[in-house]
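Colleague: Thanks for sitting down with me over this one. I would like to hear how each label is justified, so please show me the model and I will start asking.

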Amino acid sequence: MHDVTYLRPTDLKDAVQLYRTTPGCRPLAGGTDLIVMLHARTLRPPPRAVLDVWSLLELKGVRRTQGMLEIGAAESYTGIIRSRDAQEHVPALVAAARTIGAAQIQNRGTLGGNLANASPAGDTLPVLLAYDAVVVTDRRSIPIDQFFTGYRKTALQADELIVAVRMPLGRRVVFRKVGTRAAQAISKVVTAVSRSPARVAIGSVAEVPLRARRAEAALERGDMEGAIAAVADDIRPIDDVRSTAAYRRTVTQNVLRELLSVKPAL
Amino acid sequence: MCPAPVTAVGRSVPRREGADKVTGRARYTDDITVQGAWSGRTIRSTIARGAIRSITLDPAFDWSRVVVVTADDIPGDNVVQLIREDQPVLAPRGGEIKHKEEPILLLAASDRATLEEAATHVRIEYELANPVFEIGSATEVFSTVEITKGDVASVERTADLVVEREFRVGLQEQLYIEPQGAIALPEADGAFRVVGSLQCPYYVHRALKRALKLTDQQAIVVQAETGGGFGGKEEYPSIVAVHAALLARKAGRPVRLIYDRHEDLAATTKRHPGVIRHRTGVKKDGTLVFQDIEIVLDGGAYCTLTPVVLSRAAIHAAGAYSCPNVRIRARAVATNTPPNGAFRGFGAPQSLFAAELMVEHVAEQLGGGVSSVDLRRKWMLRLGDTTATGQVLTESVGSELVLDAALKAATTFQPSNIPTVRRGRGLSLVFHGSGFTGSGEKKLSGTIAMEALADGTFRILTASTEIGQGTKTIFCQLAADALGVPLERVTIAPQDTSLVPDSGPTVASRTAMIVGRLVQEAAAEIKQRLQRERPPLRVDKSYIQPDSIHWDEATYRGDAYPVYAWACTIADVDVDTTTGEVRVTDLVTAVDCGKALHPVMAEGQIEGGCLQAVGWATIEEIKMKDGGYQNDRLATYLIPTALDAPRIRTVLIENPYSRGPFGAKGIGELPMDGPAPAVIAAIHDATGVWLDEVPATPEKVLAALNGAQRREAAQS
């Protein structure tokens, strides 16, 4: 590895200040993506500094606030899985968190990291889309459906830090990840669905985690078969090392059919 | 003196190295610190075929801090010592590149940062040539095997039904938990000591002598604690060791060459993929008339052990069945892909996969209520029957025992109650030759030694390695019982070629049965001599082939193996029709092992092998791109996790073999043979579709399900 300056802010204010004033700086939370990329040298340009936000108290915790559930950007998946509030109000997010990596990864991985990394295969991202989550940063709130702007690109400004994620209470969302093996898999297709309001959100089927607008429109009309047919036009899957476009297309439709027949628990 | 009671054999005593492994005291290669050692790395080809036009070391970089080794620095022959002389240690300047990831240049530096930096300043230019990637378009043949029994041509027309099918098997990575690695240390008198993760110390010894022009004494090979091999550390460690020694020679200091997982996946050997075609003729009542089998295996770019793999594939190709007329034509071809090599099963899983599914296809096409189990019972080799090579089976034939035991152990089949999940059950019956093929053991004449020491203890000297399968423990058990002494009084010497004789490679399910027998015999001899002599004593024991074993290498007739181990496997699968995912939920396997020397380790060996086979059958897929593996990281090369593992129940059947130690036969590879065809048969039972290939990935299963659905829709 090459030389990287390690910055450890004392609080959120300090972090925001350091991030604004340090050129070539990347935030570091659990490191489950960043350390891998540093090791494999796939970050271009390579970061000159990392800002370790892992221990910032302002970025931790799961709490109810203003009729929403708020999860700190640096709260671990394990923290989310164990949170009674999360289990009660966003069970689909808990289900998604349980499918990520192994226990070690769940102990370190964070929602903020999943969002900032913006992988089309990010397992929590379709769930956040289905919940109409709001990404709270150091300066504003970004609706989740405006957050992903391109392949691994986000609406975040160069010096903008994610602080928390907020989700409405009481929405019923169902989730299924297809990753070929039962654990430690990267998604081939990952889907989250809400019936009311109609939300069909899918990962690993395009350059971004997306909302299937045609399928949602059909669902809004109560046309389930229409939604299953339309979703094929909403997605842009490709052939890659993990799977094929044809498989992803079929499975997206099959999983949507399955999820639409499931009564969500809540 | 009254005979000592058998006390250690058959008992699941603690593993010799077990406590060190679970407490972290065991020192694997990368755990060994060597003062002043530099780190090495390998610069590899980025093309599949061509010639090296130039190698340029960027003058802007300070090369004084780095040791560079090219083919010009090889003092001996630029050959990886194995079967053929075709694989260079390092591709020479102007020489041909035959596959991606072929080693060209070696670097060593005092620290990793310098090493990584140096690697970015090496430029290699190539002259590109047209590569061959597909078996179908390969023209170079490494080897062929032809086995003939009876006369297929003359009986063809007497068959009432002839079934033809083609089967495909994919690449598989051994995925030992510890990647390849070696540390080379220059010693006095021009000697080199190489400590590494390896299965076969004397293979590495020969490779070092050849490439570095060393005498027997100058090449010293020591096995470090080794984190698994599965064949992957049979021949490949010779390359790692020679590379490390070349760097150490030029650097004049120790050099460690440890692969990371990515390099290990990208560059090292895999299981041979292949295409197997069967034509089977039967009478209306199911009587087997003929088997006509064609096997093509892809050897990759260099020969490695391919002819021996092909040989085992061919000998097992007719399956565990007795057929009067058999024709097996097998060939291994060259492609511009990384060389394939040894992997548990060694060709047999490939050909047995096809043979077992053929039973299913014949049963299905015969109809009339004849099940594939009925056919197996009718066809199976029994005592006194003759195999495809003309070997008369004279003892320890467990075919019927394992079939009955597996059927008895299988639970009542419960259909799925989830509408999108279909459940099915499949069965396979296989055999696996224990020990080297044909005259292999005779040619090798493996040797062990045993010492009675003055302090009343005994020491076994063998080059057979512990790679997780239990060599150290069972050898001590065998010696203790043969000597009639407590287990604690037997020790085993380190696997160091300067100390131990060449008992042969730790491969071919031969260690317990062939080498273990030598241990037992040497111990018995020591015991006898101690009646009139005083320690210290030493007995050397070499394998002598019994006169009753006859093998003709030229015609492939005779006793292909000293004996066979047998297994019947029943697999239950859930096929998710939403995703095409196959979960093997339950697996029962009955194994005729001759004698379970250590029941817990025998079961562990079988469970591990079954799971490895389930992985091969379902999710372990390697996609190729431009002659390289796309699945070259653990994020993309998927093996089953604990959550994917079926419940595995093993039934051990002790059907002793007279020349095995306490009756034992080799079972290391056998569990790799049966699960794949059982899983594919179970998928058919669940869904009605045949895949005839492994791995049965969700992509293939879903496509097959959709194809079947479309056909049904078109018919209605």
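Colleague: What percentage of the 266 residues in chain A do buried residues make up?

Modeller: Happy to help, and please keep in mind that this is a predicted model. Buried residues make up 58% of the 266 residues in chain A. To be counted there, a residue must have under 20% relative accessible area.

Colleague: And how many of the residues in chain B are buried, as a percentage?

Modeller: For chain B, 64% of its 716 residues are buried.

Colleague: Why is Thr471(B) called buried or exposed?

Modeller: The relative accessible area of Thr471(B) is 1%. Buried means under 20%, so Thr471(B) is called buried.

Colleague: Where is Thr471(B) found, and what does Thr471(B) touch?

Modeller: Thr471(B) is in helix H12 of chain B, which covers residues 471–483. Leaving out residues up to four places away in sequence, Thr471(B) touches Ser464(B), Thr465(B), Glu466(B) and Thr511(B). A contact here needs heavy atoms within 4.5 Å.

Colleague: Let's move to another helix. Which residues of helix H10 of chain B are buried?

Modeller: Helix H10 of chain B runs over residues 399–409, and its buried residues are Ser399(B), Val402(B), Leu403(B), Ala405(B) and Ala406(B).

Colleague: What do the buried residues of H10(B) pack against?

Modeller: They pack against one helix, H9 (372–379), and against strands E16 (421–434), E23 (563–576), E24 (582–592) and E27 (647–653) of chain B. In total, the secondary structure of chain B comes to 16 helices and 28 strands, while chain A has 11 helices and 14 strands.

Colleague: Why does the radius of gyration of chain A agree with a compact globule?

Modeller: A compact globule with 266 residues would have a radius of gyration near 18 Å, and chain A has 18 Å, so the value agrees. Its C-alpha trace spans about 55 × 40 × 30 Å along the principal axes.

Colleague: And what makes the radius of gyration of chain B agree with a compact globule?

Modeller: With 716 residues the expected value is near 27 Å; chain B has 26 Å, which agrees. The C-alpha trace of chain B spans about 75 × 75 × 50 Å along its principal axes.

Colleague: How are the domains of chain B assigned, and which residues of domain 1 and domain 2 are counted as in contact, by number?

Modeller: The assignment gives domain 1 (18–28 + 440–542), domain 2 (32–130 + 175–267) and domain 3 (274–437 + 556–715). Between domain 1 and domain 2 of chain B, 18 residues of the former are in contact with 24 residues of the latter. The C-alpha centres of these two domains are separated by 32 Å.

Colleague: Which domains does the assignment give for chain A?

Modeller: Chain A has domain 1 (5–52), domain 2 (57–168) and domain 3 (173–260). The C-alpha centres of domain 1 and domain 3 of chain A lie 33 Å apart.

Colleague: What percentage of the contacts in chain B with a separation of 6 or more come from residues 24 or more positions apart?

Modeller: That is 81% for chain B. In chain A, among contacts between residues at least 6 apart, 59% join residues at least 24 apart.

Colleague: Finally, how many positive and negative side chains does chain A have?

Modeller: Chain A has 37 positive and 26 negative side chains, with the centres of the two sets 3 Å apart. For chain B there are 77 positive and 87 negative side chains, and the two centres lie 2 Å apart.

Methods:
Residues numbered from 1 in each chain as written. Chains lettered and ligands numbered in written order. Predicted model: local features only at pLDDT ≥ 70, side-chain atom pairs only at ≥ 80, totals over all residues. Heavy atoms only, no water. Domains from an automatic or database assignment. Helix = DSSP H or I, 4+ residues; strand = E, 2+ residues; numbered from the N terminus. Rg over C-alpha atoms; globule rule 2.2 N^0.38 Å. Buried < 20%, exposed > 50% of the residue type's maximum accessible area, 1.4 Å probe, protein only. Lys, Arg positive; Asp, Glu negative; His and termini not counted. Charge placed at Lys NZ, Arg CZ, Asp CG, Glu CD.
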